[in-house]
Amino acid sequence: MTQVCIVGSPEVELRYELLSRDTAREALSTYRLHKPYANSIAIDTISLGAAVSLMNDLNWYLVRFAQLTLVNEPSVAEDEWLSRKLARAIRDGAVSREQSAAFVHIYGVKDGQLTEPLAVERDGTLPDYDLAEVEETVIVRVTEAEF
């Protein structure tokens with residue numbers, strides 16, 4: 001199962017913004033929504049292609065109300081997320097699953113919110129997140145251009 005996680009911009013209430021608009025509400029109506037982080041919505045889809053398609057359907061809203069859109073595809077990495085651009089590149093065959101691990105952003109989680117990312121070019125093990133005291137970390141694979 002592939003999961004999409006949309007994190008709202010700080011100045012908006014993401015759930016309200018998405019569900020108060022007919023087109024977004026309709027696109028999300030067949031999915032069960034949950035909230036992994038503050039001001040976020042996570043959606044389980046059946047595949048990477050379905051996840052990319054959903055993000056494309058919601059693009060107008062993501063551009064306006066989302067700070068970050070992530071995809072977890074277990075066939076790529078069980079415990080790491082992909083940026084939206086990297087998920088699309090993998091789906092389109094422009095980047096292989098093996099090549100996707102080179103560049104990462106490491107986010108801390110503090111009080112349920114994602115903190116400022118630490119950008120790392122992977123050369124083996126990843127460093128500890130050291131930008132703040134955090135409860136846990138979230139690793140997001142990104143494209144070289146996003147890095």
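This is a guided tour of the structure, stop by stop, with something to select at each one. Keep in mind that you are looking at a predicted model.

**Stop 1: strand 1**

Start by selecting residues 2-8, which make up strand 1. Is strand 1 enclosed or open to the outside? Seven of the seven residues of strand 1 are buried, so the rest of the structure largely encloses this strand. Show the side chains and look at the two faces in turn. On one side you will find Thr-2, Val-4, Ile-6 and Gly-8, on the other Gln-3, Cys-5 and Val-7, and all of them are buried.

Now bring in the partners of strand 1. Select residues 40-45 for strand 3; strand 1 and strand 3 run antiparallel and are joined by six bridges. Then select residues 66-72 for strand 4, which also pairs with strand 1 in the antiparallel sense, again over six bridges.

Gln-3 is a handy residue to label here. Its bridge partner in strand 3 is Asp-44, and its bridge partner in strand 4 is Asn-72.

**Stop 2: strand 4 and its other partner**

Stay with strand 4. Six of its seven residues are buried, so strand 4, too, is largely enclosed by the rest of the structure. Next, add residues 81-83, which are strand 5. Strand 4 and strand 5 pair in the antiparallel sense over two bridges.

Label Leu-70 to follow the pairing across. Leu-70 is the bridge partner of Cys-5, and in strand 5 the bridge partner of Leu-70 is Ser-83.

**Stop 3: the largest pocket**

Keep strand 4 on screen and turn on a surface. The largest pocket has a volume of about 220 Å³, and 15 residues line it. Which residues lie nearest its centre? Select Gln-67, Leu-68, Thr-69, Arg-84 and Glu-146 to see them.

Strand 4 gives the most to this lining, with five residues. Helix 4, strand 4, helix 5 and strand 6 each supply at least two of the lining residues.

**Stop 4: helix 5**

From the pocket, move to residues 84-92, which form helix 5. Arg-84, Leu-86, Ala-87, Ala-89 and Ile-90 are the residues to show, as they are buried. An α-helix has 3.6 residues a turn, so residues three or four places apart point the same way.

What do the buried residues of helix 5 pack against? Colour helix 3 (48-57), helix 4 (59-65), strand 4, strand 5 and strand 9 to see these neighbours. Just after the helix comes Gly-93, which has a positive phi, near 85°.

**Stop 5: Arg-97**

Carry on along the chain to Arg-97, in the loop between helix 5 and strand 6. Arg-97 is partly exposed, with a relative accessible area of 37%. Its side chain makes a polar contact of 2.9 Å with the side chain of Ser-75. The C-alpha atoms of Arg-97 and Ser-75 are 8.3 Å apart, although the two residues are separated by 22 residues along the chain.

Setting aside neighbours within four places in sequence, the contacts of Arg-97 are Glu-73, Ser-75, Val-76, Ile-90 and Arg-141. You met Ile-90 at the previous stop, among the buried residues of helix 5.

**Stop 6: Asn-39**

Now jump back to Asn-39, in the loop between strand 2 (33-34) and strand 3. Is Asn-39 buried or exposed? Its relative accessibility is 16%, under the 20% limit, so Asn-39 counts as buried.

Draw a distance from the side chain of Asn-39 to the backbone oxygen of Val-12, and look for 2.9 Å. Not counting residues up to four places away in sequence, Asn-39 touches Ile-6, Val-7, Gly-8, Ser-9, Val-12, Glu-13 and Leu-14.

**Stop 7: the aromatic pairs**

Finish with the rings. There are two aromatic pairs in the structure. In the pair of Trp-60 and Tyr-61, the ring centres are 5.0 Å apart and the planes meet at 75°, so this pair is edge-to-face. Trp-60 is partly exposed at 44% relative accessible area, whereas Tyr-61 is buried at 8%.

Phe-103 and Phe-147 form a tilted pair, 4.9 Å from centre to centre with 45° between the planes. Phe-103 belongs to strand 6 (residues 103-110) and Phe-147 to the segment after strand 9 (136-141), so the pair ties together parts 44 residues apart in sequence. Phe-103 is buried, at 13%, while Phe-147 is partly exposed, at 36%.

Definitions and conventions
Residues numbered from 1 in each chain as written. Predicted model: local features only at pLDDT ≥ 70, side-chain atom pairs only at ≥ 80, totals over all residues. Heavy atoms only, no water. Phe/Tyr/Trp six-rings, centres within 6.5 Å; stacked < 30°, edge-to-face > 60°. Buried < 20%, exposed > 50% of the residue type's maximum accessible area, 1.4 Å probe, protein only. Helix = DSSP H or I, 4+ residues; strand = E, 2+ residues; numbered from the N terminus. Polar contact = N/O pair within 3.5 Å; in protein donor to acceptor, adjacent residues only side chain to side chain. Contact = heavy atoms within 4.5 Å. Pairing = 2+ DSSP bridges. 1 Å grid on protein atoms, 1.4 Å probe; cavity = no way out; pocket = protein on both sides within 12 Å on 5 of 7 lines; lining within 4 Å. Points joined across faces, edges and corners; volume = space filled by probe spheres on them.
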